[in-house]
Amino acid sequence: MSGLKRFQLSSSNKRPAEEFPAHPKKLNEVVNFNSSGTFFVHAKVADLQYSLYKACPLKSSGGVPCKKKLDDEMFCHGCAHRANNPLQCLFLRLDLQDCDDPEVRQKVTIFSGVAEDYLAMRVHQFADMSEKCPERLETLLQSKLGQKLSVKLNLKAKGGGEFTTLDWIAVAILEDTKNEVDNEDGEIIELDTGKKRAKKN
């Protein structure tokens, strides 16, 4: 698809809002482009799933934890290391929907750091809420459905030849400053203010 720009990952200290372009691409454009790279996309949240898991804490020479998922015996098959004090990590799976074409949907993976920013809570707080206040957590996750987002995506190719597929990884998320969803009464709710108004026919 001509005119579709690819962006390089930034290592700057800019806040997410500062690095997002004013006009991100539509989801259907990037889906149809079907190529690895880094893209900025505007889309709607159709569904959200999560998983909490124990991860390998072993640090590399650069001081970065491995964070690969441990098996039931707390063993990391990537590092061949058994963890005594595993990290707790959060994995989100967003089902994004094109804002103009609801038939176009794409699942996107969000790992702990970006997930914490998106949900505005730390992993241990999320885990605590999941255990002690599951209804409150469900309400929080439900509030995300229907919201419009700008998402910085890193599309990674895996496999090879005709079996090559793309992993869609979100590396930054910027929520619209004014999000709206339809309620069951046919009204539109502005999520940032809670105001309701009649939906136009």
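No disulfides are counted in this predicted model. A disulfide is a covalent bond between the sulfur atoms of two cysteines, and the criterion applied here requires the two sulfur atoms to lie within 2.5 Å. For Cys-66, the closest cysteine sulfur belongs to Cys-79 and lies 3.5 Å away, which is too far for a bond. Cys-66 is partly exposed, with a relative accessibility of 22%. Cys-133 likewise falls in the partly exposed class, its relative accessible area being 32%.

Strand pairing centres, for the present description, on β2, which spans residues 37-55. Strand β1 (residues 25-26) runs parallel to β2 and is joined to it by two bridges; within this pairing, Lys-25 has Val-41 of β2 as its bridge partner. The connection from β1 to β2 passes through helix α2 (residues 27-33), and the resulting β-α-β crossover is right-handed. Strand β2 also pairs with β7 (residues 148-158), in an antiparallel arrangement with eight bridges. Here Phe-39 is matched with Leu-153 of β7. A further antiparallel pairing, over eleven bridges, links β2 to β5, where Ser-51 has Phe-91 as its bridge partner.

Helix α4 comprises residues 123-132, and its buried residues are Val-123, Phe-126, Ala-127 and Met-129. These residues lie on the same side of α4, because the arc that they cover around the axis is only 165 degrees. The face of α4 directed away from this buried side bears His-124, Glu-131 and Lys-132, which are exposed. The contacts made by the buried residues of α4 involve both strands and helices: they pack against β2, β5 (87-97), α3 (112-119) and α5 (134-144).

An analogous analysis was carried out for helix α5. Leu-137, Leu-141 and Lys-144 are buried in α5. Viewed down the helix axis, the buried residues occupy an arc of 45 degrees and therefore line one face of α5. Glu-135, Arg-136 and Thr-139 are exposed and are found on the face turned away from the buried side of α5. The packing partners of the buried α5 residues are β2, α3, α4 and β8 (165-175). Strand β2 and helix α3 are thus contacted by the buried residues of α4 and by those of α5. Just after α5, the backbone at Gly-146 adopts a positive phi of about 90 degrees.

Notes: Residues numbered from 1 in each chain as written. Predicted model: local features only at pLDDT ≥ 70, side-chain atom pairs only at ≥ 80, totals over all residues. Heavy atoms only, no water. Buried < 20%, exposed > 50% of the residue type's maximum accessible area, 1.4 Å probe, protein only. Helix = DSSP H or I, 4+ residues; strand = E, 2+ residues; numbered from the N terminus. Arc of directions from axis to C-beta. Contact = heavy atoms within 4.5 Å. Pairing = 2+ DSSP bridges. Right-handed = clockwise from strand over helix to strand, strands pointing away.
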